[in-house]
Structure formats: C-alpha cells, structure tokens
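Subject: Structure for you to look at

Hi,

Here is the structure I promised to hand over. Have it open while you read, and my notes on what turned up follow straight after.

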Amino acid sequence: MGLNVTFIDPSGNSVTASAEIGDNLLSVGQAAGLPLEGTCEGQMACSTCHVIVAAEWFGKLAEASEEEEDMLDFAVGARRTSRLSCQIDLTEELNSLTVSVPGESIDARRL
C-alpha cells in the first residue's frame, strides 16, 4: 500500500512524496530532494536529518529513544516536536504525515 508524506521545505513550500510502509522518512525525504543530509546514514550519530513533526502527528510516532533525544540537543532550531527523520519508519497509521525541514538545514552533499 502506498503512503504519502508531506514535507514543508525550508522556504515554506509543500512537497508531497510517495512512500511505502516500512520506508524510512530520511530516505523518502532525500529521494524527494529535501535538504536532509543524513551524514551518519541513519546511525544516530548526527542531527543532520532533523525534522519538525506537525503537532497533530507527533503523538502518533513511537517515542524517541534517549539516544535520539541526546542527538536532538545538537539540532539547530530544535522544537518540542523535533525528531530525527532517520528514526521514523513509516507505518499505515502515518499516511499523510506532515513534517517541516527547518530553515537552518544545510545539505553539504549539495555544496
């Protein structure tokens, strides 16, 4: 079953991406051209894949681990609903998930 995820890019533009159940939000965002660097390739050793989850969706996510919370301390522009996109695996319940990519996000792969 296909899912949709809406990303709000750093300029405020809406980008809808197609995904499958089990896909990782980081890889979906990267495939859609969003500036989600993911330097550590999902190993939770950086915060370059930081996203801000829309408040109405935040409670539907699995709780962040202590390690993820520690990495979010390094994320520029972190907020109460911040998460690392590498730690969000998409489920049917997350169809139509909306997340924002912070304006401070820089993808060094594109420099």
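Let me start with Ser96, which is partly exposed, with a relative accessible area of 38%. Keep in mind throughout that this is a predicted model. Ser96 sits in the loop that links S4 to S5, and its phi is positive, near 80°, although the residue is not a glycine. Most residues other than glycine have a negative phi. Glu41 is another non-glycine residue with a positive phi, near 55°. You'll find Glu41 in the loop between H1 and S3, and it counts as exposed, at 68% relative accessibility.

Right after Ser96 comes strand S5, covering residues 97-100. Which of its side chains are buried? Leu97 and Val99 are, and they point to one face, while Thr98 and Ser100 point to the other and are not buried. That fits the usual picture, since side chains in a regular strand alternate between the two faces of the sheet.

S5 has partners to look at, too. Strand S1 (residues 2-8) runs parallel to S5, joined by 4 bridges. Strand S3 (residues 50-53) pairs with S5 in the antiparallel sense, over 2 bridges. Val99 turns up in both pairings: it is the bridge partner of Phe7 and also of Val53.

S3 itself is worth a look. His50 and Ile52 point one way and Val51 and Val53 the other, yet all of them are buried. S3 also runs antiparallel to strand S4 (residues 82-84), with 3 bridges between them, and there His50 stands opposite Leu84.

Now for the inside. The largest nonpolar core has 28 residues, and the members that touch the most others are Phe7, Leu25, Leu90 and Leu97. Who contributes? S1, strand S2 (14-20), helix H1 (25-31), S3, H3 and S5 each supply at least two residues of this core. As a rule, nonpolar side chains in soluble globular proteins tend to be buried together. If you want one residue to click on, try Phe7: leaving aside residues up to four places away in sequence, its contacts include Val15, Ala17, Leu25, Val28, Leu34, Leu36, Val99 and Val101.

Next, the cysteines. How many disulfides are there? The count comes to 0. Cys46 is in none, as the nearest cysteine sulfur, in Cys40, is 3.6 Å away. For Cys49 the closest one belongs to Cys86, at 3.7 Å, and with a cut-off of 2.5 Å that is too far for a bond. Both of these cysteines sit under the 20% limit, so Cys46 counts as buried at 13% relative accessibility, and Cys49 does as well, at 2%.

On rings, a search of the whole structure gave 0 aromatic pairs. There is a charge over a ring, though: the charged end of Lys60 sits over Trp57, 4.6 Å from the ring centre.

Last, a residue in helix H3 (residues 66-72), namely Glu66. Is Glu66 buried or exposed? Its relative accessible area is 62%, which is over the 50% limit, so Glu66 is exposed. If you'd like a feel for scale, Glu66 and Ala17 are 49 residues apart in sequence and 29 Å apart in space, going from C-alpha to C-alpha.

Cheers

Key: Residues numbered from 1 in each chain as written. Predicted model: local features only at pLDDT ≥ 70, side-chain atom pairs only at ≥ 80, totals over all residues. Heavy atoms only, no water. Buried < 20%, exposed > 50% of the residue type's maximum accessible area, 1.4 Å probe, protein only. Phe/Tyr/Trp six-rings, centres within 6.5 Å; stacked < 30°, edge-to-face > 60°. Lys NZ or Arg CZ within 6 Å of the ring centre and 35° of its normal. Pairing = 2+ DSSP bridges. Core = buried A, V, L, I, M, F, W, Y, C linked by side-chain atoms within 4.5 Å. Contact = heavy atoms within 4.5 Å.
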